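Subject: Structure handover

Hello,

Here is the structure for you to look through. Please open it first, then read the notes below it.

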Amino acid sequence: MDDKKILQIFKDAGVLMEGHFLLTSGLHSPVYWEKFKVLQYPEYTSQLCGLIAEHYKQEHIKVVAGPTLGGVILAFETARQLKVRCAFAEKDGTKRVFRRGLFIERGQRVLVVDDILTTGGSVIEVINAVRASSGNIVGIGILVDRSDQTIDLGFPLFSCLKSVTQTYSPADCPLCSKGVPLIRLGG
Ligand SMILES: [Zn+2]
């Protein structure tokens, strides 16, 4: 699948919204990625996770791990295609842990997955949870890499799509000066 087709999946799923949005960072942006919308279509999610699975299929992955909430679906589907186990890391204060009997064995080869990479926060929390179990992280698989600079997570990174979005500080936002209504998103 080329980038155009992958981008079309996100558009068809309604993930990519256009307008004038207030991001949680406080910055304004002409687009917003409603990332969960793609997860409501098993066919799309399956195709995207398939790209991640394909990329890492020679790596002898034993467990695919992702963060709650969206990462549960991604870890499940990627693991299903790789025919391995999946695990998800839940929030526990400022970190993430494997609970409910889910575990990573010492030295086990782990693929970490997540939906959107911006600052790397949730991915880093999963990496730390895997490390706490002495798992062996082989790589990271992301649906959309939106980081504006290359974040070095310390492991190979594969993303289905790379898309850097223009953001503006409120003071010099061209949408504000045009008087376009600002949309505040929950969460
Ligand atoms: Zn603005």
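Start with one definition. A residue counts as exposed if 12 or fewer other C-beta atoms lie within 10 Å of its own, and as buried if there are 20 or more. Now apply this to Ser177. Ser177 has 9 C-beta neighbours inside 10 Å, so Ser177 counts as exposed. You will find Ser177 in helix α6, which covers residues 174-177. Compare its place with that of Lys4. The two are 173 residues apart in sequence, and their C-alpha atoms are 32 Å apart in space.

Please keep in mind that this is a predicted model.

The whole chain

The protein chain has six helices and nine strands. Its radius of gyration is 17 Å, and the globule rule gives 16 Å for 187 residues, so the chain is as compact as a globular protein of that length. The C-alpha trace spans about 55 × 35 × 30 Å along its principal axes. Of the 187 residues, 35% are buried. Look also at the contacts between residues with a separation of 6 or more. Residues 24 or more positions apart account for 61% of these.

The six-stranded sheet

In which order do the strands of the open six-stranded sheet lie? The order is β5-β4-β3-β6-β7-β8, and the pairing is mixed. The edge strands are β5 (95-98) and β8 (157-162), and each of them pairs on one side only. From one strand to the next, the twist averages 25 degrees.

Look at β3 and β4 inside this sheet. Strand β3 (residues 63-67) and strand β4 (residues 85-92) run parallel, joined by five bridges. Here Val64 stands opposite Cys86 in β4.

Two helices lie across strands of this sheet. Helix α3 (residues 42-55) lies across β6 (109-117), β7 (136-145) and β8. Helix α3 runs at about 150 degrees to β8. Helix α5 (residues 121-132) lies across β3, β4, β5, β6 and β7. Its angle to β6 is about 165 degrees.

The core

The largest nonpolar core has 45 residues. Which residues have the most contacts inside it? They are Val64, Ala65, Ala75, Val112 and Val130. Val64 is a good one to click on. Leaving out residues up to four places away in sequence, Val64 touches Ala75, Thr78, Ala79, Leu82, Val84, Cys86, Leu111 and Val113. Cys86 is thus on two lists: Val64 touches Cys86, and Val64 also stands opposite Cys86 in the sheet.

The three-stranded sheet

There is also an open sheet of three strands, in the order β2-β1-β9, with mixed pairing. Strands β2 (28-33) and β9 (183-184) stand at the edges with a single partner strand each, so one side of each has no neighbour in the sheet.

Strand β1 (residues 16-22) pairs with β2 in the antiparallel sense, over five bridges. Met17 stands opposite Tyr32 in β2, and Glu18 stands opposite Val31. The two strands form a hairpin with five residues between them. In the turn, Gly26 has a positive phi of about 95 degrees.

Best wishes

Conventions:
Residues are numbered from 1 along each chain as its sequence is written. This is a predicted model: local features need pLDDT of at least 70, side-chain atom pairs count only at pLDDT 80 or more; totals for chains, interfaces and linings use all residues. A nonpolar core is a set of buried Ala, Val, Leu, Ile, Met, Phe, Trp, Tyr and Cys residues joined through C-beta atoms within 7 Å. Two residues are in contact if their C-beta atoms, placed from the backbone, lie within 7 Å. Two strands pair if DSSP finds at least two bridges between them. Helices (H or I, at least four residues) and strands (E, at least two) are DSSP runs, numbered from the N terminus. The radius of gyration is taken over C-alpha atoms; the globule rule is 2.2 Å times the number of residues to the power 0.38. Axes are lines fitted to C-alpha atoms, for helices over the stretch in contact, and angles run from 0 to 180 degrees between N-to-C directions.
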